[in-house]
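Reader: I am new to reading protein structures, and I would like to understand the words used for them. Could you show me the structure and let me ask about the terms one at a time?

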Amino acid sequence: RKPDGKRDVTIIATGSEVEIAVAAAELLAGEDIAAAVVSMPSWELFEQQDARYRNEVLSSAPRIAVEAAARLGWGRWVGE
């Protein structure tokens, strides 16, 4: 995160892709891009959380999902 607590991008992943997301965030940090990694092992449990919590976790920064197989519905959480 930046000194003001904000981030430039949110990277969302699950399972083995979390390691890839963390590596990407570290590379981005080297370019002064603040990236937060969100591990989302269960979309269903995340959706059950209140909207305030979900918004705090995902933030308003652009979102990128890391998925090895396919899109698999990540559009729901990353937006357009």
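Author: We can begin with a helix, keeping in mind that this is a predicted model. Helix H3 (residues 51–58) lies across S1, S2 and S3, and its direction makes an angle of about 110° with S1.

Reader: What caps the N-terminal end of H3, and how do you know that it does?

Author: The cap is aspartate 50, which has a side-chain oxygen 3.1 Å from the backbone nitrogen of arginine 52. A polar contact requires a pair of N or O atoms within 3.5 Å, and the 3.1 Å between this oxygen and this nitrogen satisfies that limit. Just after H3, serine 59 takes a positive phi of about 60°.

Reader: Which strands make up the sheet, and in what order do they stand?

Author: The sheet is open and has 3 strands in the order S2-S1-S3, with parallel pairing. Strand S2 (35–39) and strand S3 (63–66) are at the edges, because each has a single partner strand, and so one side of each has no neighbour in the sheet. On average, neighbouring strands are turned by 25° against each other, direction ignored.

Reader: What makes S1 and S2 a pair, and what makes S1 and S3 one?

Author: Two strands pair if there are at least two bridges between them. S1 and S2 have 5 bridges in the parallel sense, and one of the partnerships is that of valine 9 with alanine 35 in S2. Strand S1 (residues 9–13) is joined to S3 by 4 bridges, also running parallel, and here isoleucine 12 has alanine 65 of S3 as its bridge partner. Both counts therefore meet the requirement of at least two.

Reader: Which helix belongs to the β-α-β unit, and how does that helix run relative to S1?

Author: The unit consists of S1, H1 and S2, and it is right-handed. Helix H1 (residues 17–29) lies across S1, S2 and S3, at about 160° to S1.

Reader: Why is the pair of phenylalanine 46 and tyrosine 53 called tilted?

Author: A search of the whole structure finds 1 aromatic pair. In it, the ring centres of phenylalanine 46 and tyrosine 53 are 6.3 Å apart, with the planes at 55°. Centres must lie within 6.5 Å for a pair, while planes under 30 degrees apart would be stacked and planes over 60 edge-to-face; the value of 55° falls into neither class, so the pair is tilted.

Reader: Are phenylalanine 46 and tyrosine 53 buried or exposed?

Author: Buried means under 20% relative accessible area, exposed means over 50%, and partly exposed is in between. Phenylalanine 46, at 9%, is therefore buried, whereas tyrosine 53, at 42%, is partly exposed.

Reader: How do you know whether tryptophan 77 is buried or exposed, and what does this residue touch?

Author: Tryptophan 77, in helix H4 (residues 75–78), has a relative accessible area of 8%, which is under 20%, so this residue is buried. Leaving out residues up to four places away in sequence, its contacts include Phe46, Glu47 and Arg54. The C-alpha atoms of tryptophan 77 and glutamate 47 are separated by 9.8 Å, and the two residues are 30 residues apart along the chain.

Reader: What makes threonine 14 count as buried, and where is its place?

Author: Threonine 14 is in the loop between S1 and H1. Its relative accessibility is 19%, which is under 20%, so threonine 14 counts as buried. A polar atom of its side chain lies 3.3 Å from the backbone oxygen of methionine 40.

Terms used. Residues are numbered from 1 along each chain as its sequence is written. This is a predicted model: local features need pLDDT of at least 70, side-chain atom pairs count only at pLDDT 80 or more; totals for chains, interfaces and linings use all residues. Side-chain values use heavy atoms; hydrogens and water are left out. Rings of Phe, Tyr and Trp (its six-membered ring) pair if their centres lie within 6.5 Å; planes under 30 degrees apart count as stacked, over 60 as edge-to-face and the rest as tilted. Buried means under 20% relative accessible area, exposed over 50%, partly exposed in between (1.4 Å probe, protein chains only). Axes are lines fitted to C-alpha atoms, for helices over the stretch in contact, and angles run from 0 to 180 degrees between N-to-C directions. Contact means heavy atoms within 4.5 Å. A polar contact is a pair of N or O atoms within 3.5 Å; within protein, one must be able to donate a hydrogen and the other to accept it, and residues adjacent in sequence count only if both atoms are side-chain atoms. A crossover is right-handed if, with the strands pointing away from the viewer, the path from the first strand over the helix to the second runs clockwise.
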